[in-house]
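Here are my notes for your first look at this structure. Keep the 3D view open and go through the points in order.

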Amino acid sequence: MPEVITTSQQAIQLEDRYGAHNYHPIPVVIARGEGVFVWDVEGNRYYDFLSSYSAVNQGHCHPRIVDSLIEQSQKLSLTSRAFYNDVLGAYEQYITEYFGFDKVLPMNTGAEAVETAIKICRKWGYEIKGIPDERAKIIVCHHNFHGRTTTIISFSNDPMAHDHFGPYTPGFINIPYDDLESLENALSDENVAGFLVEPVQGEAGVITASEDYIRNAYDLCRKNNVLFIADEIQTGLARTGSLLAMCGNCTCRGHCERQDSYRKPDILILGKALSGGIYPVSAVLSDNAVMDVMKPGVHGSTYGGNPLGSKVAITALEVIRDEKLAQNARYLGKLFRQRMEDLKNKTSLIREVRGKGLLNAIEINDSPESDTAWNLCLRLKENGLLAKPTHGNIIRFAPPLVMTEEQLHECCDIIESAITRFETART
Ligand SMILES: *Cc1c(COP(=O)(O)O)cnc(C)c1O
């Protein structure tokens with residue numbers, strides 16, 4: 001019989017003893033979640049400012065998504081793709097129309113979807129572009145995060161993610177982010193098949209590119225017959241104040257008629273909030289000219305495209321549209337950054353405030369090796385708000401997008417009082 005958990009301490013001890021130590025969590029044990037809130041084992045309530053790395057954009061345990069899960073799981077959960085099922089086709093039609101692509105290839109986790117995009121891109125390089133066999137290259141950016149598989153970590157600059165996992169997969173060119181000149185140079189190699197990029201680098205610490213970087217990068221790729229692959233696993237699905245971060249300042253459904261800033265990526269990768277945090281669902285979208293390189297038998301996944309995941313994803317996408325989450329994220333994001341800029345003027349602890357929509361970060365005025373950001377997050381936790389440092393001195397703030405304006409102000413008050421008191425205690 002599994003042990004019954006009655007205290008946070010007990011749960012932490014069990015994880016510590018029986019689980020691999022591949023994470024270093026903030027010491028809080030969450031037992032329940034609803035909307036923007038989570039509760040620990042002792043019943044304390046917190047605002048969740050991580051949103052499971054932006055997987056719960058729709059809020060914890062969204063009732064509509066939970067209902068879909070329950071309903072479909074009682075009917076049919078898994079068939080494998082050896083047979084057709086009566087949900088997948090409807091999901092494929094819904095998601096492709098939603099984002100304006102011809103076809104979708106369904107997977108489960110984000111890393112798998114990135115792997116799938118890499119495979120599609122290479123195959124397109126050989127069979128359509130005519131790159132000699134085994135020579136295809138994909139351009140990626142410094143400080144990228146695209147997942148944890150052996151191929152993906154092969155082109156990571158983060159020693160923690162990369163070191164001692166070799167031998168590494170070749171075929172990647174690593175260039176600085178937000179640097180068009182480097183991209184142009186790299187594109188002069190005619191064996192380049194694709195450019196894989198995050199419109200905002202989430203895991204790197206919410207690194208935003210300059211205003212027209214993505215658009216110009218896309219145009220350079222087009223000019224050189226190279227596929228533009230957007231990893232919107234974290235930035236997409238309303239998080240940055242538009243349906244996709246690729247949409248810039250627009251709330252269109254991906255393909256924008258009103259302004260010329262949107263470039264439709266050749267390959268779009270989605271995950272995380274595609275299921276609202278209920279079940280792992282990821283997707284790779286592209287048009288026929290690219291996706292048709294995938295033929296029966298060349299790629300697959302036992303769970304990919306299962307009826308349960310498909311149903312959950314349909315509802316998760318409906319919720320984003322029906323509850324106008326992109327508009328809310330954009331509006332609240334501006335308020336949040338304004339409040340944090342005001343706070344920055346009152347404290348020496350904040351070096352920079354940055355972000356887009358409700359994907360924001362503050363950089364703490366201390367070295368990445370210091371424990372200042374970690375201690376500040378512990379203080380935030382005591383005051384009822386959960387956030388986690390990344391790269392030592394950066395704190396990401398990414399609440400569920402169902403937050404109200406009043407709640408956001410309450411959260412900013414919590415952050416403000418924690419930072420001010422933390423500073424007073426230090427001096
Ligand atoms: C989280 C993330 C991934 C990996 O997704 P998993 O589901 O953890 O495999 C890939 N790319 C980006 C940009 C991410 O934020």
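1. Start with a term. A cavity is a set of grid points where a 1.4 Å probe fits but cannot get out, and its lining residues have an atom within 4 Å of such a point. Rolling a probe the size of a water molecule over the atoms shows where empty space is left. Keep in mind that this is a predicted model.

2. How many cavities of 30 Å³ or more does the structure hold? The count is 1. The largest cavity contains about 60 Å³ of space. Its lining is made of 13 residues. Nearest the centre lie Met107, Val281, Gly305, Asn306 and Gly309.

3. Which elements give two or more residues to that lining? They are strand S4 (103-107) and helix H11 (307-322). Sorted by class, the lining of the largest cavity has 7 nonpolar residues, 6 polar ones and no charged ones.

4. Now turn to the second largest pocket. Its volume is about 650 Å³. A total of 25 residues line this pocket. Find Arg81, Glu92, Val104, Leu105 and Pro106, which lie nearest its centre.

5. Strand S4 appears here again. Both helix H4 (88-99) and S4 supply at least two residues of the lining of the second largest pocket. The largest share comes from S4, with 5 residues. By class, this lining splits into 11 nonpolar, 8 polar and 6 charged residues. Compare that with the largest cavity, where no lining residue is charged.

6. Next, the ligand. The residues around the ligand include Thr109, Gly110, Ala111, Phe145, His146 and Gly147. Further along the chain, Glu198, Asp231, Ile233, Gln234 and Lys272 also belong to this shell. The shell divides into 3 nonpolar, 5 polar and 3 charged residues.

7. Which side chains should you check for polar contacts? Look at Asp231, where an N or O atom of the side chain is 2.7 Å from a nitrogen atom of the ligand. The side chain of Gln234 has an N or O atom 2.8 Å from a ligand oxygen. For the side chain of Lys272, the distance from an N or O atom to an oxygen atom of the ligand is 2.6 Å. How much of the ligand's accessible area does the protein cover? On its own the ligand has 380 Å², and the protein covers 81% of it.

8. Move on to the strands. Strand S2 (residues 37-40) and strand S3 (residues 45-48) run antiparallel and are joined by 3 bridges. Phe37 stands opposite Tyr47 in S3. The two strands form a hairpin, with 4 residues between them. In this turn, Gly43 has a positive phi of about 95 degrees.

9. S3 has another partner to look at. Does S3 run parallel or antiparallel to strand S15 (residues 385-386)? The two run parallel, with 2 bridges between them. Tyr47 appears again here, opposite Leu385 in S15. So Tyr47 is a useful residue to click on: Phe37 faces it in one pairing, and Leu385 in the other.

10. Finish with strand S13 (residues 350-356) and strand S14 (residues 359-364). They pair in the antiparallel sense over 6 bridges. Gly355 stands opposite Asn360 in S14. How many residues lie between S13 and S14 in their hairpin? There are 2, and Gly357 in the turn has a positive phi of about 55 degrees.

Key
Residues are numbered from 1 along each chain as its sequence is written. This is a predicted model: local features need pLDDT of at least 70, side-chain atom pairs count only at pLDDT 80 or more; totals for chains, interfaces and linings use all residues. Side-chain values use heavy atoms; hydrogens and water are left out. A residue is near a molecule or strand if one of its heavy atoms lies within 4 Å of it. A polar contact is a pair of N or O atoms within 3.5 Å; within protein, one must be able to donate a hydrogen and the other to accept it, and residues adjacent in sequence count only if both atoms are side-chain atoms. Accessible areas come from the Shrake-Rupley method with a 1.4 Å probe; for residues, only the protein chains shown count as cover. Ala, Val, Leu, Ile, Met, Phe, Trp, Tyr, Cys and Pro count as nonpolar, Asp, Glu, Lys and Arg as charged, and the others, Gly among them, as polar. On a 1 Å grid over the protein atoms alone, a cavity is a set of points where a 1.4 Å probe fits but cannot get out, and a pocket is an open set with protein on both sides within 12 Å along at least five of seven lines; lining residues have an atom within 4 Å of a point. Grid points are joined across faces, edges and corners, and a volume is the space filled by probe spheres set on the points. Two strands pair if DSSP finds at least two bridges between them.
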